[in-house]
Amino acid sequence: MERQKAMMDTSVQERNGNGRVCGLRARFADCYLDTTQSLDDRFIRISPELFVALSDRILQVHEDLRQARNQLASYAETLVSIQRAMLPKRLPEIPGLDLAVHFAGVEGVGGDFYDVRPVGHNRWAIVIADAVGHGLAAAAILALVHALGNAVEGQTSPGTALALINQPLVTRYLSNTGQFVTAFVGLYDSESQMLTYTSAGHPPPRLVRGSEVMRLDAVSGLPLGIEEKAEYGEASVQFLPGDRLVLFTDGITESANPAHDLFGDARLDAVLCNPTNTAAELLGFIVHSVREFREWRPAGDDETCLVAVVRPIEATVQAKVRS
């Protein structure tokens, strides 16, 4: 039978101490292709030495991949812990507001973030943010944004705070990465029940008053991390008892059904018109509607929704006394 030896410079073969051929450079050593058969019947014969070498190499690659997967899982667990530590352990009790939140990362760690914290006498920061993408990279970016936010915690102007956070993101941390973060920051005065807010390209929150759904979109700037000199204007809205404020990330409105239709703004606004008495009740309507729309399949993106129902301040104080 005529055989043709596979072309190879034998000078590049590697052998171990026992003379066994090993390593990737010996991949084609001692391989013969039968050229006398038809194309379908051709076969390759491999020497026992090469077979053992290839088997050893495959096992080593498999072990390397296993260790890499374990290391990534360890990193992910660490980031999950860090991200959970950045979020409020529980929502604070704010005079005049009833609060509820839904937070779900699609890959354990995610690119969504929210916070509600005191920033002075009778003043509260209400924040929601979304880093582009999801997973480890987005979570790491949000950890950075959170750290920068803490650095400007004493700033009482939401627009100025965003500008101060944006500048180092553009010039240092996200330069030439193509990454960015959308954010909405509100400063709530619990005495006047006034909300002063700004936005960095984030989906506009909804203010529901009776059967009317309004968008808080009077101001909006570029997402964080794009333009060093971006400016973020401010607007204010006076809350009234019974108002419902709904903040969310695009994982809510961009949730898709099996036909690839998006849940969308119109469906969200329709859900918000449902009569509800508490923030938890309205939040439940929203989350159930989104999950039902995608036919209970796993979410394709991180989801965050923060709901606040405005109460008369006197009623809030009385409720705390009764509890």
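**Exercise 1. A surface patch**

Which residues make the nonpolar surface patch of about 280 Å²? Work it out in this predicted model, then place Leu136 in its secondary structure element and class its exposure.

*Solution.*
- Step 1: Look for the side chains that form the patch; they belong to Leu72, Tyr75 and Leu136.
- Step 2: Locate leucine 136, which is found in helix H2, residues 136-151.
- Step 3: Check its exposure. Buried means under 20% relative accessible area and exposed means over 50%, with partly exposed in between. Leucine 136 has 33% relative accessibility, so it counts as partly exposed.

**Exercise 2. The surroundings of strand E9**

Take strand E9, residues 181-189, and describe its cover, its two faces and its pairing partners.

*Solution.*
- Step 1: Begin with cover. Nine of the nine residues of E9 are buried, and the strand is mostly covered.
- Step 2: Sort the side chains by direction. Val181, Ala183, Val185, Leu187 and Asp189 point one way, while Thr182, Phe184, Gly186 and Tyr188 point the other way. Both sets are buried, Asp189 included.
- Step 3: Turn to one pairing partner. Strand E8, residues 123-131, runs antiparallel to E9, and nine bridges join the two. Among these pairs, isoleucine 128 has phenylalanine 184 of E9 as its bridge partner.
- Step 4: Now take strand E10, residues 194-200, which also pairs with E9 in the antiparallel sense, over six bridges. Here valine 185 has threonine 198 of E10 as its bridge partner.
- Step 5: Follow the chain from E9 to E10. The two strands form a hairpin with four residues between them, and glutamine 193 in the turn has a positive phi of about 55 degrees.

**Exercise 3. Positive phi in two loops**

Find where asparagine 176 and histidine 260 lie, give the phi of each, and decide whether they are buried or exposed.

*Solution.*
- Step 1: Recall the background. Most residues other than glycine have a negative phi.
- Step 2: Place asparagine 176 in the loop between helix H3 (158-173) and E9. Its phi is near 65 degrees, a positive value in a residue other than glycine.
- Step 3: Class its exposure. Asparagine 176 has a relative accessible area of 81%, so it is exposed.
- Step 4: Place histidine 260 in the loop between helix H4 (250-253) and helix H5 (264-272). The phi of histidine 260 is near 70 degrees, again positive in a residue other than glycine.
- Step 5: Class histidine 260 in turn. Its relative accessibility is 65%, and therefore it counts as exposed.

How values were computed. Residues numbered from 1 in each chain as written. Predicted model: local features only at pLDDT ≥ 70, side-chain atom pairs only at ≥ 80, totals over all residues. Heavy atoms only, no water. Buried < 20%, exposed > 50% of the residue type's maximum accessible area, 1.4 Å probe, protein only. Pairing = 2+ DSSP bridges. Patch = residues over 30% accessible without salt bridge, like charges linked within 9 Å, V, L, I, M, F, W, Y side chains within 5 Å. Areas by Shrake-Rupley, 256 points an atom, 1.4 Å probe, with all protein chains shown as cover. Salt bridge = Lys/Arg side-chain N within 4 Å of Asp/Glu carboxyl O.
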